[in-house]
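Dear colleague,

I am handing over a structure that you have not worked with before, and below it I have set out what was found in it. Please read the notes with the structure open beside them.

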Amino acid sequence: MGPAGVADLSGRIAAAMARIIVGKPEAIRLALVSLLSEGHLLVEDVPGVGKTSLAKALARSIDCSVSRVQFTPDLLPGDITGTSVFNRQNSEFEFRPGPVFANVVIADEINRASPKTQSALLECMAEHQVTVDGGTYPLGDPFMVVATQNPVEMDGTYPLPEAQRDRFTIRISVGYPDPAAELAMLDEHGAAEPLDRMRPVTDVRTLRAMIASVRNLHVAAEVRRYCVEIVGATRTLPEVRLGASPRATLHLVRAARAHAATAGRGYVVPDDVQAVAVPVLAHRLLLGPEGVAARRSAADLVRTCVGRVAVPSPPRG
């Protein structure tokens with residue numbers, strides 16, 4: 001499948017999702033970028049703005065296996081990954097897979113579970129496998145975690161560990177809709193639940209072809225160096241205690257590829273990198289005392305880095 005085919009299918013998926021998430025094209029676009037870049041998506045915002053609906057709409061747009069886990073304080077790691085159960089008939093332990101064994105896993109309110117339970121997803125998200133009682137079990141292909149969380153200032157939440165946040169390719173905020181979009185939402189959602197009427201736009205086989213096309217998209221050496229310099233700039237800011245990791249550089253290039261593919265291009269340009277830099281990098285930064293005192297947000301600091309790094313010039317001839 002070429003970039004034109006990826007762009008066409010992405011547009012159809014986005015149109016289907018837009019009937020559920022009204023007035024949020026940027027959030028939908030970034031969700032698709034995360035899907036096509038073989039990444040994981042973190043949706044962080046206040047309750048009631050459609051975080052779970054966005055996750056469900058993305059999952060239902062594809063004819064694939066989907067599971068949903070409601071994270072609660074009493075949830076255990078085995079409730080996610082699965083457990084070994086003793087079979088009295090053959091006197092052996094058998095592995096019973098958990099809800100993580102699906103193509104799309106919706107982790108609802110992930111930061112309401114304890115850090116011990118959150119850590120059950122670390123291996124799943126990084127290596128696409130589960131290890132239980134010495135046995136290793138591969139996960140689905142493709143595999144994507146779409147997690148929602150409330151801001152950490154709210155009651156009953158546990159902040160995600162740095163290692164967990166670093167495994168999410170993109171973090172987005174849905175935000176409140178404007179009045180026109182909210183009125184349209186009342187018309188769309190007032191009589192019935194539009195998610196119940198949503199039908200898949202594509203299937204797993206076609207999605208694999210889309211992902212393979214994105215994976216092979218051309219990224220010039222100058223653009224790769226541009227990504228490295230932006231990520232490196234986050235590590236030298238005086239306001240930042242912990243900058244973006246090398247994994248962030250890899251995710252930035254992958255997301256830029258997916259962004260270019262959704263635009264129908266077979267190559268990545270600096271504009272693609274700039275478009276995804278904040279959602280890919282901001283949630284990975286830890287502010288130091290200077291950043292907190294200056295009331296600088298991580299997103300502002302990423303924009304500062306993007307502004308400081310010279311944009312590569314197109315090759316001559």
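**A buried histidine**

His251 has a relative accessibility of 8% and therefore counts as buried, the cut-off being under 20%. Please bear in mind throughout that this is a predicted model. The residue belongs to helix H12, which covers residues 246-262. Leaving aside residues up to four places away in sequence, His251 touches Asp166, Arg167, Phe168 and Thr169, and also Val280 and Arg284.

**The open sheet**

Five strands make up an open sheet with parallel pairing, and their order is S3-S6-S9-S1-S10. Strand S3 (66-70) and strand S10 (170-172) stand at the edges with a single partner strand each, so one side of each has no neighbour in the sheet. On average, and with direction ignored, neighbouring strands of this sheet are turned by 15 degrees against each other. Within the sheet, strand S6 (residues 104-108) pairs with S9 in the parallel sense over four bridges, and Val104 is found opposite Met144 in S9.

Two helices lie across strands of this sheet. Helix H2 (residues 25-36) lies across strand S1 (41-44), S9 and S10, and runs at about 165 degrees to S10. Helix H3 (residues 51-60) lies across S1, S3, S6, S9 and S10, and its direction is at about 165 degrees to S9.

**Helix H6 and its surroundings**

Which residues of helix H6 are buried? In this helix, which spans residues 120-127, they are Ala120, Leu121, Cys124 and Met125. These residues cover an arc of only 95 degrees around the axis, and therefore they lie on the same side of H6. The buried residues of H6 pack against three helices and two strands, namely helix H4 (78-81), helix H5 (115-118) and helix H7 (162-166), together with strand S7 (129-132) and strand S9 (144-149). Just after H6 comes His128, which takes a positive phi of about 55 degrees.

**Aromatic rings**

The structure holds two aromatic pairs. In one of them, the rings of Phe95 and Phe101 have centres 5.8 Å apart and planes at 65 degrees, so this pair is edge-to-face. In the other, the rings of Phe95 and Tyr137 have centres 4.1 Å apart and planes at 10 degrees, so this pair is stacked. The pair of Phe95 and Tyr137 links distant parts of the chain, since Phe95 is in strand S5 (residues 92-97) and Tyr137 is in strand S8 (residues 135-138), 42 residues apart. Phe95, Phe101 and Tyr137 form one aromatic cluster.

How buried or exposed are the residues of this cluster? Phe95 is buried, with a relative accessible area of 18%, whereas Phe101 is partly exposed, with a relative accessible area of 26%. Tyr137 also counts as partly exposed, at 26% relative accessibility.

Another ring has a charge as its partner: the charged end of Arg265 sits over the ring of Tyr267, at 5.9 Å from its centre.

With kind regards

How values were computed
Residues are numbered from 1 along each chain as its sequence is written. This is a predicted model: local features need pLDDT of at least 70, side-chain atom pairs count only at pLDDT 80 or more; totals for chains, interfaces and linings use all residues. Side-chain values use heavy atoms; hydrogens and water are left out. Buried means under 20% relative accessible area, exposed over 50%, partly exposed in between (1.4 Å probe, protein chains only). Contact means heavy atoms within 4.5 Å. Rings of Phe, Tyr and Trp (its six-membered ring) pair if their centres lie within 6.5 Å; planes under 30 degrees apart count as stacked, over 60 as edge-to-face and the rest as tilted. A charge sits over a ring if NZ of Lys or CZ of Arg is within 6 Å of the ring centre and within 35 degrees of the ring normal. The arc is that of the directions from the helix axis to the C-beta atoms. Two strands pair if DSSP finds at least two bridges between them. Axes are lines fitted to C-alpha atoms, for helices over the stretch in contact, and angles run from 0 to 180 degrees between N-to-C directions.
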